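Please open the structure in your viewer and keep the sequence beside it, since this tour moves from one selection to the next. Each stop says what to select and then what is found there.

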Amino acid sequence: MDVFDLKNKIDTNYFDYQRIKEELKDHSHVRRYLGNLATKGYLVRLKKGLYTWGPKTGPILYSKEIMANLLYGPSYVSLEYVLSYYRLIPERVEVITSVTTKKKKQFTTPLGEFQFEHLYNNAFPWGVDLKKINQKESFMMASPEKAILDILSLRINPKDVTNFYELLEENLRIDMDTFNNLNKKKLLSLAQYYNTSVISKFSNFLIKR
């Protein structure tokens, strides 16, 4: 089957080995065929069994957020990437950072670096938004409030917390004008699901502001 016919039949930007195998059921060497397509730039292998179309098949608007959700799940995009996305920090973040209930993991793909941090189940599902790209494609991403709590919980040592203004503005480089526009009630509500001393201290800081 011609690769462009294959693309028309699959009709999604991201797909697994089983989906391709369904369309190539009469092909005797599917894995070899896919390897050749990847070598020639028609396919990009994101991890074992997960693919996206390569540049040789035409222009593709890649969503690294969707890739992150598909690479390792359950997960949602969060931490530094989301803080940059909402302009809470000035840096542009190249690594796509996510949170998962599984063990921490990192993927290096031809389309970028993906990092996953472990968060316990109680705090995991709250404050996560579904972002739609189009009618067929969407991804899960932390709200800005959720991303703040995630980064405090996962990146900050409780022993280092003495002054939250200094921690946010200097250590994490949070833009305080943008931070002040966050939903305080939402921050306090979500904070209840985090059983860490850092978040407890942060909640007290918010209440006293």
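Begin by selecting Lys-21, Arg-31, Arg-45 and Lys-48, which together form a positive surface patch in this predicted model. Of these, Lys-21 sits in helix 2, which covers residues 17–23, and Lys-21 is partly exposed, with a relative accessible area of 38%.

Now turn to charges of the other sign by selecting Glu-166, Glu-169, Glu-170, Asp-175 and Asp-177, the residues that make up a negative surface patch. Which helix gives the most to the negative patch? Helix 7, residues 164–171, does so with three residues, while Asp-175 is placed in the loop between helix 7 and helix 8 (176–180). Because its relative accessible area of 33% lies between the 20% and 50% cut-offs, Asp-175 counts as partly exposed.

The next stops concern the backbone. Most residues other than glycine have a negative phi, and most peptide bonds are trans. Select Asp-11, a residue other than glycine whose phi is positive, near 60°, and you will find Asp-11 in the loop between helix 1 (3–10) and strand 1 (14–16). Then select Arg-87, which also has a positive phi near 60° and lies in the loop between helix 5 (79–85) and strand 5 (96–100). Are these residues exposed or partly exposed? Asp-11, at 46% relative accessibility, counts as partly exposed, whereas Arg-87, at 70%, counts as exposed.

For the peptide bond, select Gly-73 and Pro-74 together: the bond from Gly-73 to Pro-74 is cis, with omega near 5°, and Pro-74 belongs to the loop between helix 4 (64–71) and strand 4 (75–77).

Finally, look at the aromatic rings, among which the count comes to 14 pairs. Select Trp-126 and Tyr-193, whose ring centres are 4.6 Å apart and whose planes meet at 15°, so the pair is stacked. Trp-126 is in the loop between strand 7 (112–118) and strand 8 (128–132), and Tyr-193 is in the loop between helix 9 (184–191) and helix 10 (197–208), so this pair ties together parts that are 67 residues apart in sequence. Trp-126 counts as partly exposed at 38% relative accessibility, and Tyr-193 counts as partly exposed at 32%.

As a last selection, take Phe-164, Tyr-165, Phe-179, Phe-202 and Phe-205, which ring pairs link into a cluster.

Conventions
Residues are numbered from 1 along each chain as its sequence is written. This is a predicted model: local features need pLDDT of at least 70, side-chain atom pairs count only at pLDDT 80 or more; totals for chains, interfaces and linings use all residues. Side-chain values use heavy atoms; hydrogens and water are left out. Patches are made of residues with over 30% relative accessible area and no salt bridge: like charges are joined within 9 Å, nonpolar side chains (Val, Leu, Ile, Met, Phe, Trp, Tyr) within 5 Å. Accessible areas come from the Shrake-Rupley method with a 1.4 Å probe; for residues, only the protein chains shown count as cover. A salt bridge is a side-chain nitrogen of Lys or Arg within 4 Å of a carboxyl oxygen of Asp or Glu. Lys and Arg count as positive and Asp and Glu as negative; His and the chain ends are not counted. The place of a charge is taken as NZ of Lys, CZ of Arg, CG of Asp or CD of Glu. Helices (H or I, at least four residues) and strands (E, at least two) are DSSP runs, numbered from the N terminus. Buried means under 20% relative accessible area, exposed over 50%, partly exposed in between (1.4 Å probe, protein chains only). Rings of Phe, Tyr and Trp (its six-membered ring) pair if their centres lie within 6.5 Å; planes under 30 degrees apart count as stacked, over 60 as edge-to-face and the rest as tilted.
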